[in-house]
Structure formats: C-alpha cells, structure tokens
Amino acid sequence: MIQLRMPQSIHQEMRSDLCRSHPYAFERIGYVFTKPAGESVLVATGYQSIPDQFYMKDNSVGARIDHRAIALAMKRADVNKEGILYTHIHNKRGLPIFSRDDRADHPNFIRSFRNAAPGMTHGFLLLSTDKMMARVWLPQHESPIDIFRYTIVNLPLSLNISGGFLI
Amino acid sequence: MSARNNRQSFLGDNLDDVLETCLIGVVGLGGGGSQIVQQLAHIGFKNYVLYDFDKITDTNLNRLVGATKQDVEEELPKLSISERLIRGLLPDARISCISKRWQDQPDNLKTCDIIFGCLDGYQNRAELESLTRRALIPYIDIGMDVRNDKNNIPRMFGQVFASIPGYPCMRCYDFINATVLAKETLAYGDAGIRPQVVWPNSVLAGTAVGLAMNLVMNWTGKCAEQTIYYEYDGNKGTIKPHVKCDMPSKACNHYKLENTGDIVLGRN
C-alpha cells in the first residue's frame, strides 16, 4: 500500500492557493512535489502555484494550463529529482472522484512528467473541501495506483483511512 | 465504540479506527521500550514495527517489563518478550519483529505513523531523528541516566522529547550538539556499567505515550500547545516542561523541508 505524508505547511499553502478565484478559469491547478521515503511512502517536499497568465481560456473545462505551466513543474522535478502530483480541488465534501475530463488528460501529463523525472512516482492529487485522494504511476508501471491513506503532519497528527480524515 | 474502549472513550469517537490503523514503531525494547510497548498494548494499538537485536540477560531483569527468570535461562530475544506481552492483550495484533540494528533495515520504520526511540547514546538518537524527519514521522525519544555529582551523590535525570516535523528538533533545543557527540565518540568502547532502574522508565514511558495519544487523538483540544520537551529529575521526583521550551523560535533550521525524502542521486 502506498501512502502520502504532507506537512501541514504544504497542506495549508495548497488549499489556500487552490481556493483562490482566477480571472477567467473556473478552478485552479497546482503541483505538489514528492520524494520517496522507502518503497511505499511518498513525502511532500513542496507546492508550486501556477501564475494566472499560464492558464488558457477554455470554457469547456474547469481549467486548462499551457506549456509554460507544465514546464514549470518539469524543471523543478528534473533539478530536484522529485515526483509531480498535478493537483486541483473539487468544491464538494466527501471523497473526491476524478471526472472523465480529468482522466482523459492523465496520460499526456504523465508522459511529460516522466520525461522530466523518469525514476520518480508521478500522478494526480484531487482534493475535496474536506478530503483527498491521489492516483499515481510508479516508475516503469503502466497502471496507476490509487492512494487513500494520507497523513497531514502537524500537532495534532491528521491520520486518514479510506480518504477520510480522522481528525 | 468497542466495549474494550469503554473507559477510554473520552479520547475521541474515532479511537477504534485509530487503534486499528495506526502503525507504531518502537526502537529498543529494554527498560524503556518494554514499558512503552506494554502501555500501547493496553491502550489497544494493533500494529507494530519492533526493533531490537539483543537477548535478555540477568542484568535486564531489574527493569525489563514482561521478562521472567525463565526467559533469561532460555536466552530469549527481547523482541519475543515484547511480542508475547502484546499478544497477551491483543492476540490479533499485527507485529513486525526485526532482530537487527534499525540502521540495517530502516525501510520498515518509514511506514510507521509514530516512532518511539528508546536508545542509548546521542549518535544513535541523532541518526534516528534524521530518518524520521526525512520521512515526516513524529519521533518520541525517551532516555535516562544516573551520574554522581561533585559530592558523589547519584543524580538521576532523563528526558522525553517529541521531534515533530515542522517543529524544533533535538539540535534546536541543544539536547544533541557537537560537544555531546564528540564526547560520546571519545568514550567509544568504554561504556562501563550504565545505571538503570525501573521506576524512572515508568514515568518517562507514561509521559511519552500520553504525548502520543494527544498527538493522534487531540483529546485535550490543545495539541497545538503540546509540550514537546520534558525534563525528568529523579532525585526530586519531578517531570516538567524543559526550560528551553520557552525559547522564542518555533521553526527548525536543521531539517529543511526541501531535504525531506530519500536521497536521490544522479539521473532519476
């Protein structure tokens, strides 16, 4: 089982950024960067907000970003040897589920992320207003794995089972 | 809430879930570690990763909880004694027993939600804290010692330290520093007889377990204000927040977020 640990500072920065309104996109996108800690744990090392001007005007989806936004993540992943989690939020409570549009975009992003850091785990982190889940591709694996176990590291510790925070 | 948890239901509605899923690491199962394991098992934690490579001897019987004279005669590993203690209370507990130095097989520790360290020496502690910081795991360290003062009176002292990623570490509070590490290196191979008794370990283990319970349950509602460094004075019979807890800076400059995770070298 893969699990994700994230310091509260990154968790807070991520949620604050993704909840901001955008001049024309319906939602925001960000990147959480990770490194492995052993074989079955991913630890979050940072969050990257995407500048407003890197969003494309496309009313057919919640948000679409251009090549500059993707390059932003790829550069950091390459330099720091990190994995990339493309992150956005669905403004509902409960365990979030990737939409059909989300899933359709996954292969292209994964291809780009793997070009930048082929040995790292990449994927997508989806937040709701109170929970989150992730879908990740391990290096050299074609099928993704869904992550439901998370810990937000703080005082107190927020342990999670099956996508729901215990605290 | 299960019937077993009836008397501790005040800890929170999610107690059953936490006890069922939380994975606890305990490194070192001597005087301190055996008491921590005992208390965790009584509380009802179901999942453990235990490290100890030592076998019990006569000299351990004064403080190793759960041990018997028979265990000494059979030269039982300390791991087996802790496992027996847990299974006596929780027959279906999931326990990984690792009979090695933790440094020789660290990956099991990285899956833990909380790690207790009951180790000898500063270097050992520094290395374990470094691993837990990299893996973003709260690490709770306990230890005690007895040394004679200038009047040749034994002074018993100890500490409980919770090293929480994002908060001050053992180096921030100067519990670990270059001087103590250098002294330890110079004294390598000259450990002598290290005085140890059972009752201070009870105080330290109980404080550490209480701290962990607030960390996972926040039953006080004030976990954000939790004391993370306690000092124990065995001569006075006191345990209290260390004076350095009042220092103004709450940020750690020794373990930076960008250094989190395993070290990845070269083209990945």
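Here are four short exercises with worked solutions on the predicted model shown above.

**Exercise 1. Classify two ring pairs**

Task: Decide which kind of pair is formed by Tyr31(A) and Phe33(A), and which kind by Phe124(A) and Trp137(A).

Solution:
- Start with the total: searching the whole structure gives 14 aromatic pairs over all chains.
- For Tyr31(A) and Phe33(A), the ring centres are 6.3 Å apart and the planes meet at 50°, so this pair is tilted.
- Now check the surroundings: Tyr31(A) has 0% relative accessibility and counts as buried, and Phe33(A) is buried too, with a relative accessible area of 0%.
- For Phe124(A) and Trp137(A), the centres lie 5.9 Å apart with planes at 80°; because angles over 60 degrees count as edge-to-face, that is the class of this pair.
- Next, place the partners: Phe124(A) belongs to strand S7 (residues 122-127) of chain A and Trp137(A) to strand S8 (residues 132-137) of chain A, so their contact ties together parts 13 residues apart in sequence.
- Both Phe124(A) and Trp137(A) are buried.
- Finally, follow the links: ring pairs join Tyr31(A), Phe33(A), Tyr86(A), Phe109(A), Phe113(A), Phe124(A) and Trp137(A) into a cluster.

**Exercise 2. Find a charge over a ring**

Task: Work out which ring the charged end of Lys57(A) sits over.

Solution:
- The ring is that of Tyr24(A), and the charged end of Lys57(A) is 5.1 Å from its centre.
- That distance fits the cut-off, which asks for NZ of Lys within 6 Å of the ring centre.

**Exercise 3. Trace the neighbours of a strand**

Task: Identify the strands joined to S6 (residues 154-163) of chain B, and explain why S6(B) is described as largely enclosed.

Solution:
- On one count, S6(B) is joined by 10 bridges to strand S5 (residues 139-148) of chain B, and the two run antiparallel.
- Within this pairing, Tyr139(B) is opposite Ser163(B).
- S5(B) and S6(B) make a hairpin with five residues between them, and Asn152(B) in the turn has a positive phi of about 65°.
- S6(B) is also joined, by five bridges, to strand S7 (residues 229-233) of chain B, again antiparallel; here Gly158(B) stands opposite Tyr232(B).
- Seven of the 10 residues of S6(B) are buried, so the rest of the structure largely encloses this strand.

**Exercise 4. Check the span of a helix**

Task: Test whether the span of helix H8 (residues 198-217) of chain B agrees with expectation.

Solution:
- At 1.5 Å a residue, the 20 residues of H8(B) should span 28 Å.
- The end C-alpha atoms of H8(B) are 28 Å apart, which agrees.
- Of those 20 residues, 14 are buried, so H8(B) is largely enclosed by the rest of the structure.
- Just past H8(B), Asn218(B) adopts a positive phi of about 45°.

Methods. Residues numbered from 1 in each chain as written. Chains lettered and ligands numbered in written order. Predicted model: local features only at pLDDT ≥ 70, side-chain atom pairs only at ≥ 80, totals over all residues. Heavy atoms only, no water. Phe/Tyr/Trp six-rings, centres within 6.5 Å; stacked < 30°, edge-to-face > 60°. Buried < 20%, exposed > 50% of the residue type's maximum accessible area, 1.4 Å probe, protein only. Helix = DSSP H or I, 4+ residues; strand = E, 2+ residues; numbered from the N terminus. Lys NZ or Arg CZ within 6 Å of the ring centre and 35° of its normal. Pairing = 2+ DSSP bridges. Expected span 1.5 Å × (residues − 1).
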